[in-house]
Amino acid sequence: MHGFVIRGSRGTLPTCGASFLRYGGDTTCFSLETPGGLLIIDAGTGLRHVTQELADRTDIPPITVLLTHLHMDHLVGLPSFGPLYSTHAQIRFMADPNRADDWQQALLAFMRKPYWPVGLTDADASLGFESLPAPDTPTDIYGVRVSWCAVPHPQQCAAFRLEWSGGSVVVATDVEFDAGQIPDSFVAFCKDAGHLLFDAHFKPSEIGQYSGWGHSTWEAGVALAKAAGVGELLLTHHSPKRCDDDVEGMVEAARRAFPRTRGASANMPLD
Ligand SMILES: [Zn+2]
Ligand SMILES: [Zn+2]
């Protein structure tokens, strides 16, 4: 499992069916395992792939789950996360302490009876809850340099930048930026990243009617990728109404402006 792997790239709601196989229907989750431990960003249904891979192993590495925010599509895989039910597992959750809500209380409220038979605090694993350090203070987790910044989204979201011996990735999902107005500070945050995962939930033709919904377009992704000089742009948070051919159409449109573009799909490793 070593290396960075996209586990789920669907936004809002999981999808299934023959026309969703190429990009997958699992909601947002990413993993990066190093010799020091397993770093996970978000706990959408894509987290089930991590559970499946860990089930085949005798060891469970130390796990840190970084949460971009608490919207349900980014948490719904958590109650089924296998290591929660192992006394050998150590799982630490980290999120932005400056959110308007109390993220730890929100997480405990999300996973408890009657919504799930086992409350988060009743899980067998040893759990930790830790606020992220200040955005301008990168921290080392399992040999990975982790930085983050707040980005515009309803109830606010965090974008993460991971840098390790194998490369660098920016995860910018659930963010609303206008293609013509990407803030300089965010361009700097993404500067020269090997891979940029960017929220392309809406088509440019749709974004006008969904202003304020907290998502962007491939056009904003391309503008950011060019300005920041990233190695590759990966469009993610695919709308649940977007079949494979629709996503492919967006990727092809983006490629005409930024050739090193792909659509993020479930269980896609990044080299
Ligand atoms: Zn989302
Ligand atoms: Zn969201």
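**Reasoning from cut-offs in a predicted model**

Student: Why is Arg48 called partly exposed?
Tutor: This is a predicted model, and in it Arg48 has a relative accessibility of 42%. Buried requires a value under 20% and exposed a value over 50%. The value of 42% meets neither condition, so Arg48 counts as partly exposed.

Student: How do you know that Arg48 forms a salt bridge with Asp26?
Tutor: The closest N and O atoms of Asp26 and Arg48 are 2.9 Å apart. The limit for a salt bridge is 4 Å, and 2.9 Å is within this limit, so the pair qualifies. Asp26 lies in the loop between β1 and β2 (29-34) and Arg48 in helix α1, so the pair ties together parts that are 22 residues apart in sequence.

Student: Is Asp26 buried or exposed?
Tutor: Asp26 has a relative accessibility of 8%. Since this is under 20%, Asp26 is counted as buried.

Student: What makes the contact of Arg7 and Glu53 a salt bridge?
Tutor: The N to O distance between the two side chains is 2.8 Å, which is within the 4 Å limit. Arg7 belongs to strand β1 (residues 3-8) and Glu53 to helix α1 (residues 47-55), so this pair ties together parts that are 46 residues apart in sequence.

Student: Why are Arg7 and Glu53 placed in separate accessibility classes?
Tutor: Arg7 has a relative accessible area of 1%, which is under 20%, and is therefore buried. Glu53, with 31%, lies between 20% and 50% and is therefore partly exposed.

Student: How do you know that Glu163 and Arg145 are paired?
Tutor: Their closest N and O atoms are 3.1 Å apart, and this is within 4 Å, so the pair counts as a salt bridge. Glu163 lies in strand β9 (residues 157-164) and Arg145 in strand β8 (residues 144-151), so parts that are 18 residues apart in sequence are tied together. Glu163, at 24%, is partly exposed, and Arg145, at 43%, is partly exposed.

Student: How many salt bridges are counted by this rule?
Tutor: The count comes to 13. Arg22, Asp245 and Glu248 are linked in a network of salt bridges.

Student: What makes the arrangement around the zinc ion (ligand 2) irregular?
Tutor: The protein donors are His69 (NE2), His71 (ND1), His153 (NE2) and Asp174 (OD), lying 2.1 to 2.4 Å from the ion. The 4 donor atoms subtend angles of 87 to 174°. A tetrahedral site needs all angles between 85 and 135 degrees. The angle of 174° falls outside that range, so the site is not tetrahedral, and the arrangement is classed as irregular.

Student: Which residue coordinates both this zinc ion and the zinc ion (ligand 1)?
Tutor: Asp174 coordinates both ions, which are 3.5 Å apart. His153, in the loop between β8 and β9, and Asp174, in the loop between β10 (167-172) and α3, link distant parts of the chain, 21 residues apart. Asp174 is buried at 2%, and His153 is buried at 10%, because both values are under 20%.

Student: Why is Phe189 called buried?
Tutor: Phe189 has a relative accessible area of 13%, which is under 20%, so the term buried applies. Phe189 is found in helix α3 (residues 184-190). Among the residues that Phe189 touches are Trp148, Phe160 and Val170. The C-alpha atoms of Phe189 and Phe160, 29 residues apart along the chain, are separated by 9.1 Å.

Definitions and conventions:
Residues numbered from 1 in each chain as written. Chains lettered and ligands numbered in written order. Predicted model: local features only at pLDDT ≥ 70, side-chain atom pairs only at ≥ 80, totals over all residues. Heavy atoms only, no water. Helix = DSSP H or I, 4+ residues; strand = E, 2+ residues; numbered from the N terminus. Buried < 20%, exposed > 50% of the residue type's maximum accessible area, 1.4 Å probe, protein only. Contact = heavy atoms within 4.5 Å. Donors = N, O, S within 2.8 Å, 3.2 Å for Na, K, Ca; no water. Tetrahedral: all angles 85-135°; square planar, octahedral: opposite > 155°, others 65-115°. Lists of a residue's contacts leave out its neighbours within four places in sequence.
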